[in-house]
Amino acid sequence: MLEVTETLAHTPPAGEPIVRLDRIWKSFGGVEVLTDVSLSVQKGEVVCIIGPSGAGKSTLLRCINHLEPIDDGTIYFEGAPVFRYKRNGKLVIDPDRRVEQIRAQIGMVFQSFNLFPHLTVLGNVIEAPIHVLGVKPGAARARGLEVLRKVGLDHRGNAYPHQLSGGQQQRVAIARALAMDPKVMLFDEATSALDPELVGEVLKVMRALAAEGMTMVVVTHEMDFARDVADRVVFMAQGAVVEEGPPGVLFTAPRSPRTRQFLHAIISRGQADASDDASDTASPAESADFPT
């Protein structure tokens, strides 16, 4: 049985959590992927979720915006139960219209970029605001250029996805999510599909969003990012939250043996990678088109 430690001391910002998960369960084909998971995220907080492959991290993100329906438990958004919940002892399933209204307020960036290949960069960014939110094309275009500028790609608005590097495409995907003016951003291992030399440009955008106060839930294997940017780090394994706390505590004095085992493996692997790369010439982490 996996040991689950008590939650580490953490003083979140005051007020109602913008997202709260209460005892969430999720299974696929009889295999439990999430088991009794509870988690709160305050407005403006950056929460990084770490853990081994198969821990349920990505599934947890997909449940937050109902890409995967939960089997049991309750998800709250801005204090109200959403998607699937009980009221007066009866099960309530939100209609599609309300699901879409909630989902429009929760941006998500996936491992793969999922850009429309037949649309330009700007076309990808303004598609949802026009057709989902009903924003007029002129206003959508202005907002699209604004968010592209935020990710350093306003000068590539007329390019097509195949003309961009992987890092640039992922920055477009972030801009596309920002164009919907979300209240929460979910990042599902946004750098895992990128070549190592392109990771830095995406992390730089994510760091800037965190500095601006964007509420972010980030599934990541980038331990330096989690250590430097997160307000709180959550460690998951075997579908459960094992331990959580401020990065300065969790990374230096984890209480769970499973957390210590995971972090030791990550550190050992990082040292081995650094040794292998010592003789190589370092490639720049950010592309030349990114503003400094």
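## A walk through the fold

Start with the whole chain in cartoon view: you should find nine helices and twelve strands. Keep in mind that this is a predicted model. Of the 292 residues, 51% count as buried. Switch on a surface and you have about 14,100 Å² of accessible area, with 51% of that belonging to carbon and sulfur atoms. If you like contact maps, take the pairs at least 6 apart in sequence: 68% of those contacts join residues at least 24 apart.

**Stop 1: the six-stranded sheet.** Select E8, E9, E10, E3, E11 and E12, which line up in that order as an open sheet with mixed pairing. Look at the two edges: E8 (106-109) and E12 (240-245) each have a single partner strand, so one side of each has no neighbour in the sheet. Going from one strand to the next, the twist averages 20 degrees.

**Stop 2: E9 and E10.** Now zoom in on residues 184-188 (E9) and 215-219 (E10), a parallel pair joined by five bridges. Show Phe187 and you'll see Val218 of E10 opposite.

**Stop 3: the helices on the sheet.** Add H6, which packs on the sheet and touches E3, E9 and E10. The direction of H6 makes about 145 degrees with that of E10. Next, bring up H1 (residues 57-64), lying across E3 (46-50), E8, E9, E10 and E11 (232-237). Relative to E9, H1 runs at about 150 degrees.

**Stop 4: the cores.** Which residues touch the most other members of the largest nonpolar core? Select Ile50, Ile174, Met185, Phe187, Met206 and Met216; they are the ones, out of 53 residues in that core. Colour H6 (residues 196-211) too, as this helix supplies the largest share of the core, eight residues. A second core sits separate from that one, with 31 residues, among them Cys63, Ile75, Ile106 and Met236.

Go back to Phe187 and display its contacts. Leaving aside residues up to four places away in sequence, Phe187 touches Leu61, Val109, Ile174, Met206, Leu209, Met216, Val217, Val218 and Val219.

**Stop 5: a hairpin.** Finally, jump to residues 84-87 (E6) and 90-93 (E7), which pair antiparallel over four bridges. Pick Arg84 and look across to its bridge partner in E7, Ile93. Two residues separate the strands of this hairpin, and in the turn Asn88 has a positive phi of about 55 degrees.

Terms used. Residues are numbered from 1 along each chain as its sequence is written. This is a predicted model: local features need pLDDT of at least 70, side-chain atom pairs count only at pLDDT 80 or more; totals for chains, interfaces and linings use all residues. Side-chain values use heavy atoms; hydrogens and water are left out. Two strands pair if DSSP finds at least two bridges between them. Buried means under 20% relative accessible area, exposed over 50%, partly exposed in between (1.4 Å probe, protein chains only). Contact means heavy atoms within 4.5 Å. Accessible areas come from the Shrake-Rupley method with a 1.4 Å probe; for residues, only the protein chains shown count as cover. A nonpolar core is a set of buried Ala, Val, Leu, Ile, Met, Phe, Trp, Tyr and Cys residues joined through side-chain atoms within 4.5 Å. Axes are lines fitted to C-alpha atoms, for helices over the stretch in contact, and angles run from 0 to 180 degrees between N-to-C directions.
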